[in-house]
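Here is a short briefing on one protein model. Look at the sequence and the fold first, then work through the points below.

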Amino acid sequence: MDNPQIARSFAGDFAKLWGTRYEILAAAVGRGDVSGALDAILSLRTSSAMVGGVRLALLAGQLEEHIRNGGLREAQPLLSDVADCGYATVQELKDSYVLRND
């Protein structure tokens, strides 16, 4: 990018929205809302990839696959992995040069 501030801003927004994104996803999976779960996981997967959270994007892809194949119950154990990885991703963003001074 020509302007690194754009990347910093996106990473900052990702970090700020992480908790809400995860809560929306977990709630949709918990209540069996396939459409809501897919919407939430697609948003999480794409934004994770864009911010450089490769591991989180891969986990989100696995969860998406379970959801698409009708396995919301099988998807629930992956939620804790997504949560752990998501929080680690946010922490890494905060500790790295990207958000260190924010």
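In which helix is Leu63 found? Leu63 sits in helix H3. Keep in mind that this is a predicted model. The briefing starts with Leu63, moves to the core, and then turns to helix H1, the aromatic rings and Thr89.

**Leu63**
- Leu63 counts as buried, because its relative accessibility is 0% and the cut-off for buried is under 20%.
- Leaving aside neighbours within four places in sequence, Leu63 is in contact with six residues named here: Leu25, Ile41, Ala75, Leu78, Leu79 and Val82.
- The C-alpha atoms of Leu63 and Gly19 are separated by 17 Å. Along the chain, Leu63 and Gly19 are 44 residues apart.

**The nonpolar core**
- The largest nonpolar core has 28 residues.
- Which of its residues touch the most other members? They are Leu25, Ile41, Leu44, Leu63, Ile67 and Val82.
- H1, H2, H3 and H4 are the elements that each give two or more residues to this core.
- H4 provides the largest share of this core, with nine residues.
- In soluble globular proteins, nonpolar side chains tend to be buried together.
- Leu44 has contacts beyond its neighbours within four places in sequence: Trp18, Leu25, Leu56, Ala60 and Val82.

**Helix H1**
- Helix H1 covers residues 4–30, which is 27 residues.
- Does the length of H1 agree or disagree with what its residue count predicts? At 1.5 Å a residue, helix H1 should span 39 Å, and its end C-alpha atoms are 38 Å apart, so the two values agree.
- H1 bends by about 50° at Leu17.
- The buried residues of H1 include Ala11, Phe14, Trp18, Tyr22 and Leu25.
- Helix H2 (34–51), helix H3 (54–68) and H4 are among the elements that cover the buried residues of H1.
- After H1 comes Gly32, with a positive phi near 75°.

**Aromatic rings**
- How many aromatic pairs does a search of the whole structure find? The search finds two.
- One pair is Trp18 and Tyr22, with ring centres 5.7 Å apart. The planes of Trp18 and Tyr22 meet at 35°, so this pair is tilted.
- Trp18 and Tyr22 both lie in helix H1, four residues apart, or about one turn of the helix.
- Trp18 also pairs with Tyr87, and these ring centres are 5.6 Å apart. The planes of Trp18 and Tyr87 are at 90°, so this pair is edge-to-face.
- The pair of Trp18 and Tyr87 links distant parts of the chain: Trp18 is in helix H1 and Tyr87 is in helix H4, 69 residues apart.
- Is Trp18 buried or exposed? Trp18 counts as buried, because its relative accessibility is 2%.
- Tyr87 counts as partly exposed, because its relative accessibility is 48%.
- Trp18, Tyr22 and Tyr87 form one aromatic cluster.

**Thr89**
- Thr89 is found in helix H4, which runs over residues 72–95.
- Thr89 is buried, because its relative accessible area is 13% and the cut-off is under 20%.
- Setting aside neighbours within four places in sequence, Thr89 is in contact with Phe14, Gly53 and Leu56.
- Phe14 is one of the buried residues of H1.

Note on methods:
Residues numbered from 1 in each chain as written. Predicted model: local features only at pLDDT ≥ 70, side-chain atom pairs only at ≥ 80, totals over all residues. Heavy atoms only, no water. Buried < 20%, exposed > 50% of the residue type's maximum accessible area, 1.4 Å probe, protein only. Contact = heavy atoms within 4.5 Å. Expected span 1.5 Å × (residues − 1). Bend = angle between axes of the 7 residues up to and from the residue. Phe/Tyr/Trp six-rings, centres within 6.5 Å; stacked < 30°, edge-to-face > 60°. Core = buried A, V, L, I, M, F, W, Y, C linked by side-chain atoms within 4.5 Å.
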